Each structure stands twice: as C-alpha cells, then as structure tokens.
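Hi,

Here is the structure I said I would pass on. Have a look at it first, and then read my notes below.

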4 protein chains.
Amino acid sequence: MPGEKDRRRSIGARRNPATEAAVLAAAREVLAEAGYAGFSVDEVARRAGAGKPTIYRWWPNRADLLAEVYFADRAARIPEPETGRLATDLAALARSYLGAWRGSPAGAALRGLLAEAQANEAALVVLWERFLPRWSEPVRGVLGEAARRGEVEPGDIEMLAELFSGFLWLRLLTGQTDDDRAAIDRVARLLASARGRKV
Amino acid sequence: MPGEKDRRRSIGARRNPATEAAVLAAAREVLAEAGYAGFSVDEVARRAGAGKPTIYRWWPNRADLLAEVYFADRAARIPEPETGRLATDLAALARSYLGAWRGSPAGAALRGLLAEAQANEAALVVLWERFLPRWSEPVRGVLGEAARRGEVEPGDIEMLAELFSGFLWLRLLTGQTDDDRAAIDRVARLLASARGRKV
Amino acid sequence: MPGEKDRRRSIGARRNPATEAAVLAAAREVLAEAGYAGFSVDEVARRAGAGKPTIYRWWPNRADLLAEVYFADRAARIPEPETGRLATDLAALARSYLGAWRGSPAGAALRGLLAEAQANEAALVVLWERFLPRWSEPVRGVLGEAARRGEVEPGDIEMLAELFSGFLWLRLLTGQTDDDRAAIDRVARLLASARGRKV
Amino acid sequence: MPGEKDRRRSIGARRNPATEAAVLAAAREVLAEAGYAGFSVDEVARRAGAGKPTIYRWWPNRADLLAEVYFADRAARIPEPETGRLATDLAALARSYLGAWRGSPAGAALRGLLAEAQANEAALVVLWERFLPRWSEPVRGVLGEAARRGEVEPGDIEMLAELFSGFLWLRLLTGQTDDDRAAIDRVARLLASARGRKV
DNA sequence: ATGTAAGCGAGACGGTACGTCTGGTCTTATA
DNA sequence: TATAAGACCAGACGTACCGTCTCGCTTACAT
C-alpha cells in the first residue's frame with residue numbers, strides 16, 4: 001500500500017501534471033524493460049501509482065499513450081541532417097531513426113502503436129492523424145530541402161517519403177534495427193537517384 | 001453445434017486432414033467477418049468444432065496459423081506479371097497485392113501476423129523464416145527478371161525489394177489498400193529508375 | 001445539464017436550500033427510475049448538478065441520504081388508522097406500508113438503507129438511530145392505543161412491534177410488496193391475539 | 001506468483017472439486033475476517049488461488065456463492081429442538097439461529113445475501129428459490145410438529161413462520177444477534193399463543 | 001489379435017488484462 | 001465559507017483470451 005501520505009492527490013478540477021508525468025514515465029519504463037509485450041494499462045497504472053480511470057481519462061486509447069511516450073522520448077528527437085546532398089542526408093536520417101529505436105522505449109512504442117492499429121480502429125486514427133504527420137516531419141523536411149536544391153522533383157516528395165518510411169518501418173517491424181550501413185547507404189542512393197516523372 | 005454423431009474424431013495416430021481444413025476455414029472465416037480484431041484461438045476453435053489443444057498442437061503460434069491462412073487464401077496467389085518493363089511490372093504487382101488484401105482474409109491475416117510479431121518473439125521468427133521468403137517471391141521474381149534484362153543492377157535487387165515491400169506494408173498497416181493508381185504508378189517508376197551504385 | 005448561467009452558487013457560509021432540494025429530488029428520481037441498483041452518489045450528483053463533496057458534506061453516509069429521501073417521500077406518510085380494533089388497525093397499517101413501498105422511491109430507499117447497513121457500520125448507526133425510531137412511530141402508536149384500550153399488555157408492545165416490523169421488512173426484502181390481503185389479515189389477527197406473559 | 005508446481009490444474013473437462021473447496025474455504029475466510037464489507041470476488045479468488053472466471057463459472061452470482069457458504073457452515077446446521085412445547089421450541093430455535101450467526105461466516109453470508117438481493121434481480125431469485133426454502137426448513141418443521149400436536153392451526157403455520165423469520169432477520173440486519181433471552185422468550189410465547197382464525 | 005501410441009473434442013484451470021464504475025477525498029475558482 | 005466542478009487513487013466489477021492440462025474416446029500401427 002502506498003503510504004496514505006505520499007499519495008498523489010487531486011489538485012482541483014484540472015489535470016494534475018505530476019500524474020501525467022508519472023504515467024508517461026511509468027509507460028516509458030515498462031516499454032524499456034519489457035517491450036510492447038509487457039505493456040499493459042494495468043502495469044502502467046501500478047507503476048505510476050495512478051488509477052486506471054485516470055489513465056483512460058487522458059489517453060482513451062493505448063495508442064494515445066504510446067504515441068505520447070514516443071514523442072516524449074529524447075531519443076526520438078531526430079536532428080535534421082544538413083550536409084547538402086540528398087543521399088547523404090537520407091542515410092543520416094535513416095541511421096538516426098534506427099539508432100533512436102534500437103533498444104529504446106521509442107522503438108517499442110512505435111512497434112506497439114503499429115500493432116495496436118491492426119486490431120483497433122481508434123488506434124488507427126491516432127496513428128494516422130496524431131502520429132504520422134508529426135513523425136514524418138524530418139523526412140519531409142530533408143526531401144523538401146532537396147527539392148529546393150533541385151535534387152528532387154516536388155511531385156516525387158510524397159512517394160519518396162512513403163518509400164523511405166516504409167523501409168524504416170519494415171526494418172523495425174522485422175526486428176532489424178541494427179546499424180546496417182551498407183543497406184542504408186544503398187537505399188539512400190536508390191531513393192536519391194529515383195525519378196517518378198512519366199516518360 | 002456439431003451434432004454428437006458427426007463429431008470429428010481421431011483417425012489414429014496422425015493428423016486429421018478434416019480437422020486441419022476445418023480450423024483453417026474457421027480462421028479464414030473469422031478474419032473475413034471480424035478482421036484481426038476478432039481473431040482469437042478460442043473463437044476459431046469454437047467455429048471449427050475443434051479443441052484448443054488440437055490447434056496449438058499443429059500451429060504453436062497464432063502467427064503460424066495466420067501465415068497458413070494467408071497462403072491458403074486464393075486471393076493471395078499473386079500472378080507474376082510479364083509485360084517486360086520493370087515500372088509496369090512493379091505497378092501491376094503492387095496492384096495485385098493491394099487488391100488481394102482489400103477486405104480479404106489474407107489482408108487481415110497479414111495485418112495480424114505483423115501485429116503479433118511485435119509482442120511475441122516466436123511470431124517474429126515465423127514472420128522472418130516462414131512468411132517473408134515465400135511472400136516476397138513474386139517481388140524478387142520481377143526484379144530478377146528485370147536484372148536479367150539489364151533494367152536493374154543485380155546488387156540493387158535486395159534493397160529495391162525491401163523498398164517495394166515496405167511501401168506495400170505501410171499502405172496495409174495504415175489502412176490504405178484502395179487502388180490508388182497515381183501513387184502506385186509513381187512509386188513503380190521511382191523504383192524502376194533508381195540506381196544504388198556508389199558514384 | 002445546468003447551463004453555465006443558472007449554475008447554483010454558494011449563498012455564503014450556510015447550507016443552500018436549493019442545493020439540498022435538488023439533491024433530494026435527484027436521489028428520489030434515481031431510485032424511482034432504476035431502484036437501489038442504479039443508486040450512486042455519482043449519479044445523484046450528476047442529476048442534481050451538484051458536486052460530490054457537497055453531497056458528502058451534508059449526508060456523510062449514503063444511508064443518511066436514503067433515510068432522508070425515505071421520509072421526504074409523501075407516500076411514506078403513513079396515516080394512523082383509527083378504527084378501534086387492533087387487528088383491523090394492524091392490517092390497515094401493513095397495507096399502508098406495503099402500498100407506500102410498492103414501486104415507490106421510498107420502497108427502494110428502504111431496501112437500499114437496509115442493504116447499506118450490512119456492509120457499512122456507519123449506515124447501521126443511521127438505521128438504528130435516525131431511521132428506526134421515526135419509522136416505527138405509527139406501529140408503536142397503534143399498539144400503544146390498543147394497550148390503552150386493554151387489547152394488548154404494555155409489556156408486549158415492544159416485541160409485537162418487532163414482529164410486525166420484521167414481517168413487513170421480510171416482505172419488502174424478498175420483493176413481495178403486493179397487496180396480499182389474506183396474508184396481511186391473518187398476520188394482523190395473529191398479532192392481535194398474541195399474549196407474551198409467562199404462564 | 002504461486003509456484004509453478006503446486007498450482008492447481010484442470011483435471012479435464014469437468015469441475016475440479018479441489019478448486020470448489022478452495023473457493024468456498026476462501027469465501028468463508030473472508031467473511032469471517034472482514035464480514036460482508038470485505039467480501040469481493042477478487043479477494044476470494046486471490047485467497048483461493050483461483051481465477052475469477054472459474055468462480056463466475058460455478059457461481060454466476062455472488063448470491064450463489066454466499067448461499068453456498070451459508071449452508072456449508074457447520075454452525076448453520078440448526079438442530080431441530082424436541083421439547084414438545086411450541087414456545088420452548090421456538091425460543092430454542094431462535095437462539096440456535098442467532099447463535100449460529102453471531103460472529104460467524106454464516107451470519108455475514110446471510111447479511112450479504114440479503115443486501116445483494118436489494119440491488120440485483122438474479123440475487124433475489126437465488127434468495128427466493130435456492131436459499132429460503134432450505135433455510136426455513138427447521139422453522140416449518142417445528143411449526144408442523146406443533147400443528148400435529150394441536151398447538152397450532154395448520155392454516156397459521158405459514159404466517160407464523162414468516163413472523164418468526166422476519167423477527168430473526170430484523171435482528172440480524174440491525175446487528176442484534178446477542179443472546180437476548182428475555183426478548184426471545186417473549187416472542188416465542190407471543191407466537192405460540194397467537195391464533196389467526198377469523199372470529 | 002491385441003496393446004499402445006497418438007490424435008481428437010471438450011472444456012476446466014490459473015492468470016492477466018480489459019475498459020468501466022463507484023467510493024470517498026481533495027483542490028480550485030467563484031460567489 | 002459554501003458551492004460546482006471535476007480530478008485523484010483505489011480497487012471491484014464481470015468478460016475475454018491466453019496457453020496448459022486432463023479426460024474419455026477412437027483409430028491405426030506394431031507387434
């Protein structure tokens with residue numbers, strides 16, 4: 001029993017930041033220790049010393065919680081590479097993503113988010129509306145920059161981003177987040193050289 | 001309820017093909033009706049009139065079952081396109097895959113297989129060893145053919161396959177299996193034009 | 001929902017009669033619609049547009065609230081019968097009670113009060129100190145009158161009241177509040193004829 | 001975690017008596033230690049080392065469980081008094097019942113059963129169909145015997161039983177299970193002397 | 001010809017998690 | 001200082017599924 005004294009209490013009719021932080025920290029911890037396999041709202045509540053309804057109040061879907069854990073993870077802050085050549089930038093970006101996922105809560109969170117979305121309509125919406133746009137910003141940033149330099153046709157940006165994302169996710173989902181430089185470099189060069197214009 | 005009389009019995013110390021068929025049909029049915037969300041061994045056993053241990057005996061992981069349902073689905077038999085130009089072939093292939101997944105048991109099975117692999121080590125192994133090689137045959141076939149024609153460098157085949165697969169999976173996982181011809185054609189042209197050789 | 005404007009506010013450092021009335025009305029309403037099964041402080045607060053702490057301030061136990069709802073119910077005002085013969089009076093009284101309980105908030109309130117007292121020491125105190133003496137007034141009134149007329153020995157009043165109350169409660173608790181005239185008349189005659197003096 | 005070894009397992013497609021016994025013992029224990037207030041299916045399952053679904057499988061209502069605990073309690077085996085005079089018999093019976101309830105699991109179980117029936121239709125059915133007939137056997141036995149001796153009119157048996165039961169329950173529900181000999185004797189004499197025939 | 005090994009349906013088992021509900025307490029902002 | 005509002009922890013609710021186990025039966029194969 002958590003001592004009656006150090007129990008976190010309501011701070012009035014508004015969200016308690018301490019609770020929010022405790023829940024996110026607990027979720028992160030669970031993912032770090034046991035991966036998505038060990039992730040459950042019960043376990044998070046237990047560790048956070050929070051009530052389950054409190055969690056469901058603020059994160060109605062587990063996907064919401066996973067997405068928030070993802071972005072809260074410092075590791076998931078992808079630095080935008082600025083070398084000036086698309087192939088190099090994409091390679092750097094890919095290595096950043098895979099490195100950020102390797103053994104980290106963020107990686108487990110994304111795996112969980114994707115898994116969740118396969119069985120849960122609401123999670124799919126979260127993935128689509130809340131996660132994806134924000135997550136792909138760096139990718140679209142690098143490609144946009146390349147387009148401004150003339151390395152990429154603007155009309156190709158979207159599909160290049162999708163190919164690049166697909167590659168990263170496939171690697172994550174199949175458990176290959178190791179730093180496979182040869183593969184990454186080749187993929188980066190492939191994408192950098194690709195042209196989608198109809199001939 | 002299977003009448004007491006026509007209950008399927010053991011046929012001796014070997015696998016009963018009728019049971020196997022009933023289980024696969026039931027699994028397929030569940031996936032068709034309720035998707036991966038409604039998929040559970042209990043439900044499959046119920047519908048198949050089979051005992052749970054019987055299912056676990058032959059498909060130790062749900063991933064095993066999902067993979068087998070996938071390949072048993074007629075829709076998942078991807079015809080190898082033979083038009084002679086890589087971009088066209090890839091586009092046809094992509095449309096075949098997405099069409100096969102759209103609203104089909106196979107699509108739900110693959111979504112489930114991928115989801116399963118995120119929380120279950122054994123499922124990841126199934127995905128990796130039993131599913132992937134067989135599943136990607138058509139992709140590697142088309143790319144190999146193109147390499148033979150000189151449209152693709154042999155050293156690019158692997159990563160092109162991965163990019164192509166990643167794209168398809170991303171579309172499946174985010175629920176976009178609609179026949180988006182513009183996107184598919186563009187992706188196909190991008191991949192067909194890509195070169196990974198170091199400059 | 002109480003509009004933002006007509007929200008009930010504090011009227012200073014004293015109980016707001018409007019709040020009190022709203023809470024009692026809401027409690028009554030809940031009991032009428034869903035019986036004791038649907039009775040919860042949350043639901044009452046919701047309907048009354050009151051805060052839970054406000055309710056707990058004035059009715060520290062749910063039993064307090066239930067008891068007050070009971071007595072506030074017009075139906076629970078039992079008219080004291082005055083026919084002059086004990087058996088007839090008791091029968092009239094019993095029919096009054098059972099009729100007052102049949103499908104009424106008062107009936108549900110008493111059922112709830114008794115249920116509450118089985119798991120909650122404080123509720124038992126309320127039942128014993130606040131509810132019982134007031135509730136049994138009519139019973140003791142009729143018996144006292146009969147004693148004054150010589151129909152009953154004064155020393156029997158208490159236990160006769162208990163027997164009579166027990167009968168009514170048993171009927172309530174087992175869901176038999178229908179107007180079973182034969183049974184009621186017989187019970188009334190049994191009690192009217194009973195003598196407890198040691199022989 | 002209960003050691004993997006001494007975990008109680010299924011014994012095939014039929015009820016495991018060891019589980020049944022463990023659950024009943026645990027329920028009894030909870031009631032003895034914490035009364036009905038501390039009674040919850042979760043707690044019973046925890047103590048019994050049983051799964052909640054197992055409990056709900058065999059006792060769909062908490063009332064079912066409470067009733068079974070009641071009758072399983074040795075204390076609840078009421079010896080049928082045989083002194084030959086109704087007043088004496090009834091007094092002995094009343095003292096047996098109240099004594100059996102005093103601080104015992106049976107008492108708590110009955111309090112709980114009655115409470116449960118106030119909020120739960122299914123529990124009311126259990127009380128009415130499964131509990132009452134069996135519980136009141138001794139009462140009807142004593143009254144029937146008296147009728148055979150001519151001390152009671154057969155037509156009065158039913159209502160006398162109800163008055164007697166109502167008295168005992170009222171005492172239980174209001175927490176008065178002490179051995180109040182004066183009251184018990186007087187009630188017994190009142191009932192023994194009562195006549196319900198219409199004059 | 002018979003013993004035995006394995007498959008089978010059935011379904012109970014302990015366990016965990018689900019998502020919801022309520023209890024009773026606390027704090028704030030408003031009046 | 002009371003009020004409405006509503007957040008907070010706690011923990012129970014009843015259900016679904018997991019993967020394992022045991023039963024009682026049936027059949028085929030090896031002796």
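Before the notes, one term: buried area is the accessible area, taken with a 1.4 Å probe, that two parts lose on being put together, summed over both. Also keep in mind that this is a predicted model.

Let's start inside chain A. The domain assignment splits chain A into domain 1 (17-58) and domain 2 (79-193). Their C-alpha centres are 27 Å apart, and the contact between them draws on five residues from domain 1 of chain A and six residues from domain 2 of chain A.

How much area is buried between domain 1 of chain A and domain 2 of chain A? About 470 Å², with carbon and sulfur atoms giving 75% of that. On the domain 1 side, look for A:Arg28, A:Leu31 and A:Tyr36: together they supply 85% of the area that domain 1 of chain A buries against domain 2 of chain A, more than any other three residues. Sorted by class, the side of domain 1 of chain A touching domain 2 of chain A has three nonpolar, one polar and one charged residues.

As for polar links, there are zero salt bridges between domain 1 of chain A and domain 2 of chain A, and one residue pair is in polar contact across their interface.

Now the two chains. A turn of 180 degrees with a shift of 0.0 Å along the axis lays chain B on chain A, with an RMSD of 0.1 Å. So the two copies are related as by a two-fold rotation axis. Both copies use the same surface, as 100% of the contact residues of chain B recur in chain A.

Cheers

Conventions:
Residues numbered from 1 in each chain as written. Chains lettered and ligands numbered in written order. Predicted model: local features only at pLDDT ≥ 70, side-chain atom pairs only at ≥ 80, totals over all residues. Heavy atoms only, no water. Domains from an automatic or database assignment. Contact = heavy atoms within 4.5 Å. Salt bridge = Lys/Arg side-chain N within 4 Å of Asp/Glu carboxyl O. Polar contact = N/O pair within 3.5 Å; in protein donor to acceptor, adjacent residues only side chain to side chain. Nonpolar A, V, L, I, M, F, W, Y, C, P; charged D, E, K, R; others polar. Least-squares fit on C-alpha atoms with pLDDT ≥ 70 in both.
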